[in-house]
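Welcome! Take a moment to look over the chain before we walk through it together.

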Amino acid sequence: MLEKQRAEIDAIDREIVSLFERRMQVVMDVARIKKENGMAIFDAGREKEVIAKVQSYLTDEGLKEELREVYETLMKVSKDYQKIQMDE
């Protein structure tokens, strides 16, 4: 009954994982640049800017809060990963 939808979710998840890996590779570059320049990991203004920007990409405005939650989590993971990279 749900096989088609589950297969589609599986395909989407593969794409998400690939994009996540790409994003985290860039996060490593950001961490290196921040470390070399003595910059802080957290930038509240940038985080607000990112959330507003990605919310503007939505075609379904009803998903704004869910997308905000996803990106807040993604940015927390990114900051934690940057800290690990910068501490090395």
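Is Arg14 buried or exposed? Arg14 is exposed, because its relative accessible area is 57%, and exposed means over 50%. Keep in mind as we go that this is a predicted model.

Arg14 has its place in helix 1, so let us begin there. Helix 1 covers residues 3–36, which is 34 residues. At 1.5 Å a residue, a helix of that length should span 50 Å, and the end C-alpha atoms are indeed 50 Å apart, so the two values agree. To get a feel for distances, you can find Thr59, which lies 45 residues from Arg14 along the chain. The C-alpha atoms of Arg14 and Thr59 are separated by 22 Å.

While Arg14 is exposed, helix 1 also has residues that are buried: Met24, Val27, Ala31 and Lys34. It helps to recall that an α-helix has 3.6 residues a turn, so residues three or four places apart point the same way. What do the buried residues of helix 1 pack against? Their partner is helix 3. Just after helix 1 comes Gly38, with a positive phi near 65 degrees.

Now let us turn to that partner. Helix 3 runs over 64–87. Its 24 residues should span 34 Å at 1.5 Å a residue, and this agrees with the end C-alpha atoms, which are 34 Å apart. Buried in helix 3 are Leu67, Leu74, Met75, Ser78, Gln82, Gln85 and Met86. The cover over these buried residues includes helix 1 and helix 2.

How do two packed helices get described? The angle between their axes and the distance between the axes do the job. For helix 1 and helix 3, the angle is about 50 degrees and the axes are 9 Å apart. Helix 1 and helix 3 are therefore oblique to each other, and their crossing is right-handed. On the helix 1 side, the residues making this contact include Phe20, Met24, Val27, Ala31 and Lys34. On the helix 3 side, among them are Tyr71, Leu74, Met75, Ser78 and Gln82.

One more residue of helix 3 is worth a visit: Lys64. Lys64 counts as partly exposed because its relative accessibility is 33%. Leaving aside residues up to four places away in sequence, Lys64 touches Gln55 and Leu58. Ser18 is 46 residues from Lys64 along the chain, and their C-alpha atoms are separated by 23 Å.

Where is the largest nonpolar core, and which residues make it up? The core consists of five residues, namely Val50, Ile51, Val54, Leu67 and Met75. Helix 2 (44–56) and helix 3 each contribute at least two of these residues, and helix 2 gives the largest share, with three. You can follow one link yourself: Val50 touches Tyr71 and Met75, not counting residues up to four places away in sequence.

Finally, look at Glu47, which is found in helix 2. Why does Glu47 count as buried? Its relative accessibility is 17%, and buried means under 20%. With residues up to four places away in sequence not counted, Glu47 touches Phe42, Met75 and Lys79. Met75 is a good residue to end on: Met75 belongs to the largest nonpolar core, is one of the buried residues of helix 3, and takes part in the contact with helix 1.

Key: Residues are numbered from 1 along each chain as its sequence is written. This is a predicted model: local features need pLDDT of at least 70, side-chain atom pairs count only at pLDDT 80 or more; totals for chains, interfaces and linings use all residues. Side-chain values use heavy atoms; hydrogens and water are left out. A nonpolar core is a set of buried Ala, Val, Leu, Ile, Met, Phe, Trp, Tyr and Cys residues joined through side-chain atoms within 4.5 Å. Buried means under 20% relative accessible area, exposed over 50%, partly exposed in between (1.4 Å probe, protein chains only). Helices (H or I, at least four residues) and strands (E, at least two) are DSSP runs, numbered from the N terminus. Contact means heavy atoms within 4.5 Å. The expected span of a helix is 1.5 Å times one less than its number of residues. Axes are lines fitted to C-alpha atoms, for helices over the stretch in contact, and angles run from 0 to 180 degrees between N-to-C directions. Angles under 35 degrees count as roughly parallel, over 145 as roughly antiparallel, 65 to 115 as roughly perpendicular and the rest as oblique. A crossing is left-handed if the near helix is turned anticlockwise from the far one by less than a right angle, and right-handed if clockwise.
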